[in-house]
Amino acid sequence: MSSLITTVRTKFLQAIRSVNPQGRWKILVVDDYSQKLLGSVLKQFDILEENVTLIESISNHREPQQFEAVYILMPTTQNVDRIIKDFSTDQKQYLGAHLFFIDAFLRGLQDLFLNFWAAEGQTFSLNSPGFFFNIYSPPRNEAAFKASRSRLEEELLFASKTISNICITLNEFPYIRYYLPSHHLPLGPLQPHSQTRAPPPSEGSNRWRTDLARGDAARAYEAADTEFVTRLLAFMVQRNLDEHKRTNPDFPKPSDPPRPRGTLIITDRSMDVVAPLIHEFTYQAMCNDLLQIEDGTKYTYKFQSSIGAYEDKTATLSETDTVWTTVKHMHMREAIDKLMADFNKFLEENAGFKGEGAASLNDMKDMLANLPQYQEQREKFSLHLNMAQECMGTFERDKLSQVANIEQYTFGQCCATGMTCGRKISKNLTTFNVPRNPNKVRMVALYIMYRDGVPDEDRRRLYQHARLGMADQDAINALTHLGVRITRGPADKDTKKKLKQKPSQEEEYDLSRYKPLLRTVIEDHANNKLDASLFPYVKEAPSATTTTSKAPVTPTHTSSLRSAKPSWHKATRPNAPIDNRQRVIIFMAGGMTYSEIRECYALGGSLNKDIYIGSTHTITPRQFIDDLKVLELGGVGSRTAPNGVSTNPAHQSYQEYYDQKYFIPDPIPPQRPTLTVPKDSGTSARSGKLSKSSPSSSYAASSTSVNSAGMATADNEKKKKKKGFFHF
């Protein structure tokens, strides 16, 4: 299947290669945001290999160059003004300009449609964790409903264009389905309110009227009850793709062999609130839950050098790390076994090393210190050895085995799955033994959701027994803003949910019985069993003959991670169709979990489909609880949005919103170098020889050294490639 990282990298390189000036060499001009997008998939060496002699920031002060320039920028008004300024004077900045915009801007220009982050081969993100508060935080007062809704619709329009970029990049014009819950009303700023919904129909207008003949006023009034964030987003994406189809009639371009038309499924975090809270014991999910990993990619650990000294080292967890891609979706026990097996195999293949092999993580640690000659492989094994050891240490220290037992098997049934597990535990809240550690918030929240709410007095006693602070109580109480019922009275009936957890048929660990609800959605969709009232189509639905003839589905029984090696990172099987499998694209508004990412990888093989998953951001249990604590406050005090959600009205136009989102302040003009007269000799001053101070910035010095002869020598190229990615 097509890797998103490879696809994005290829499109960037194609844009750069398409410019072939007469003098061979060219300059690349970027802004701060496009620089980060480029850096996420390309290295400095990759760009310089394309006859790029210099990379400049459009927001910096630049010296005129005798080369043509390739502009790869965000389509903001500010950047357009800067481009015009580069060529509006007699002394032009470059010999010529070739414009490429990351997003769609004007017809006739080169639009790359790459404004998204390819986190993994099958995973993408908006990198916008603040969306969580935009979607679920209630307006701060009665007068703020209209402004909050307008700002949310503005953010959703941006998200819809990003999702459209994914579809266009993959050359996919999909059917679109969206999650339409029936057990709660729209959430956050979309909840029905007099400020935002249509006026009610006149009194008596519904008398003697059938449901179909009630009139437009009644239907418009009731439409507010179904305006969920998923529905608004799905219709926006459909409009974007329809518009792109009108301006590009050949979209999507035919493929050989033909690929069945895919489906985009848009859902949100309220569909499954259990997945971000329950403990997951697969390698990637467990590491991001228990360790301090920055943005899911950067981990700092103690590395033992060849001389035996320990030093702090920051590693990047990416697709280039073959050890990481091999074990990240395995259960932790299997991942450790795999690490030791690969390490022992590595020792066998290197005859210069003498030893009996590693039987434990400590053995690996001792042997790694004796392998200074294999630096790269040694660092990889050392990294994942450290991560596995830290995870298992936390597992033992926090007694996570007991915690997971309470999560999975509380009160005679599985708290997360709802399946009977044969355990008899008293339902008396006073005997509910909550461990005194940070995990108790997660267990109390899971228990309340399992009971579909508890009486207020029982909830108060539960908080008291668990010794929860006010912030922890706020986190659990905020679940109501995600459609969860936490309080119920004696006359309240159980909430009727159409989407329920299904028992798994595969062999599994006792502490890993829970499967995210997203798994059920994907399996039911692949088997044409997904409830159309729960996940309706925006426009036309695929015909039965199309889904059965063009997209044959293999049996949904999946092999267990205990017995099967992960194969989603490897090449396609020889007997399987190459790059023509039907696609399923999942978008989870409000944050996706690592357990849901793992399920998409696993189901792709078992269902014989290319499954991509994306979200506004990726969440960990720690981040999810921290965000819940300030959800009622609109995110004020959170790490992602410390100032909270803006209460200002929406912008006058989308371009104005876009310009503000990607605004880059102009730098301070550089000071002119001062001219000094030597004090030791007056004759030198009379002869006109003045000494000039050194350039005020390292960037100016580096740019002149690169371009002094028009084409750098081999030695200069080596030095250039060792420097930073961008000369700012």
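On a 1 Å grid over the protein atoms alone, a cavity is a set of points where a 1.4 Å probe fits but cannot get out, and a residue counts as lining if it has an atom within 4 Å of a point. Grid points are joined across faces, edges and corners, and a volume is the space filled by probe spheres set on the points.

The structure is a predicted model, in which local features need pLDDT of at least 70 and side-chain atom pairs count only at pLDDT 80 or more, while totals for chains, interfaces and linings use all residues. Residues are numbered from 1 along each chain as its sequence is written, and side-chain values use heavy atoms, with hydrogens and water left out.

## Cavities

Rolling a probe the size of a water molecule over the atoms shows where empty space is left. Seven cavities of 30 Å³ or more are counted in this model. The two largest are set out below; residues are classed as nonpolar (Ala, Val, Leu, Ile, Met, Phe, Trp, Tyr, Cys and Pro), charged (Asp, Glu, Lys and Arg) or polar (the others, Gly among them).

| Cavity | Volume | Lining by class |
|---|---|---|
| Largest | about 140 Å³ | seven nonpolar, six polar, two charged residues |
| Second largest | about 120 Å³ | seven nonpolar, four polar, two charged residues |

Helices (H or I, at least four residues) and strands (E, at least two) are DSSP runs, numbered from the N terminus. The largest cavity has 15 lining residues, and nearest its centre lie Ser-137, Pro-138, Pro-139, Ser-148 and Val-645. Two elements, α5 (131-136) and α6, each give two or more residues to this lining. The largest share, three residues, comes from α6.

The second largest cavity, of about 120 Å³, is lined by 13 residues, the closest to its centre being Ala-275, Glu-280, Ala-285, Thr-593 and Pro-621. Here α9 (283-290) and α20 (594-606) are the elements that give two or more residues to the lining.

## Helix α6 and helix α22

Axes are lines fitted to C-alpha atoms, for helices over the stretch in contact, and angles run from 0 to 180 degrees between N-to-C directions. Helix α6 (residues 145-169) packs against helix α22 (residues 654-661) at an angle of about 80°, with the axes 11 Å apart. The two helices are therefore roughly perpendicular to each other, a term for angles of 65 to 115 degrees. On the α6 side the contact (heavy atoms within 4.5 Å) involves Glu-154, Glu-155, Leu-157, Phe-158 and Lys-161, and on the α22 side Tyr-654, Tyr-657 and Lys-661. By class, the contact residues are four nonpolar, no polar and four charged.

After α6, in the loop that leads to β8, comes Asn-171. Its phi is near 55°, a positive value in a residue other than glycine.

## Sheets

Two strands pair if DSSP finds at least two bridges between them. One open sheet has five strands in the order β2-β1-β3-β4-β5, with parallel pairing. Its edges are β2 (52-57) and β5 (110-111); each has a single partner strand, so one side of each is left without a neighbour in the sheet. Five bridges join β1 (residues 26-30) to β2, and Val-29 stands opposite Glu-56 in β2. Helix α2 (residues 32-41) lies across β1, β2 and β3 (68-73) and runs at about 110° to β1. Helix α4 (residues 77-86) lies across β3 and β4 (96-101), at about 170° to β3.

A second open sheet has six strands in the order β6-β7-β14-β13-β9-β8, and its pairing is mixed. The edge strands β6 (117-120) and β8 (175-178) each pair on one side only. On average, neighbouring strands of this sheet are turned by 25° against each other, direction ignored. Strands β6 and β7 (residues 123-125) are antiparallel over three bridges, with Ser-125 of β7 as the bridge partner of Trp-117. Helix α20, named above for the second largest cavity, lies across β6, β7, β13 (583-589) and β14 (610-615), at about 165° to β14.

Elsewhere, β11 (residues 298-304) pairs in the antiparallel sense with β10 (residues 293-294) over two bridges and with β12 (residues 310-316) over seven bridges. Three residues lie between the strands in the hairpin of β10 and β11, where Asp-295 takes a positive phi near 55°.

## Cis peptide bonds

Most residues other than glycine have a negative phi, and most peptide bonds are trans. The bond from Phe-251 to Pro-252 is cis, with omega near -5°, and the bond from Asp-256 to Pro-257 is cis, with omega near 5°. Pro-252 is placed in the loop between α8 (229-247) and β9 (263-268), and Pro-257 in the loop between α8 and β9.

Technical notes. Angles under 35 degrees count as roughly parallel, over 145 as roughly antiparallel, 65 to 115 as roughly perpendicular and the rest as oblique. On a 1 Å grid over the protein atoms alone, a cavity is a set of points where a 1.4 Å probe fits but cannot get out, and a pocket is an open set with protein on both sides within 12 Å along at least five of seven lines; lining residues have an atom within 4 Å of a point.
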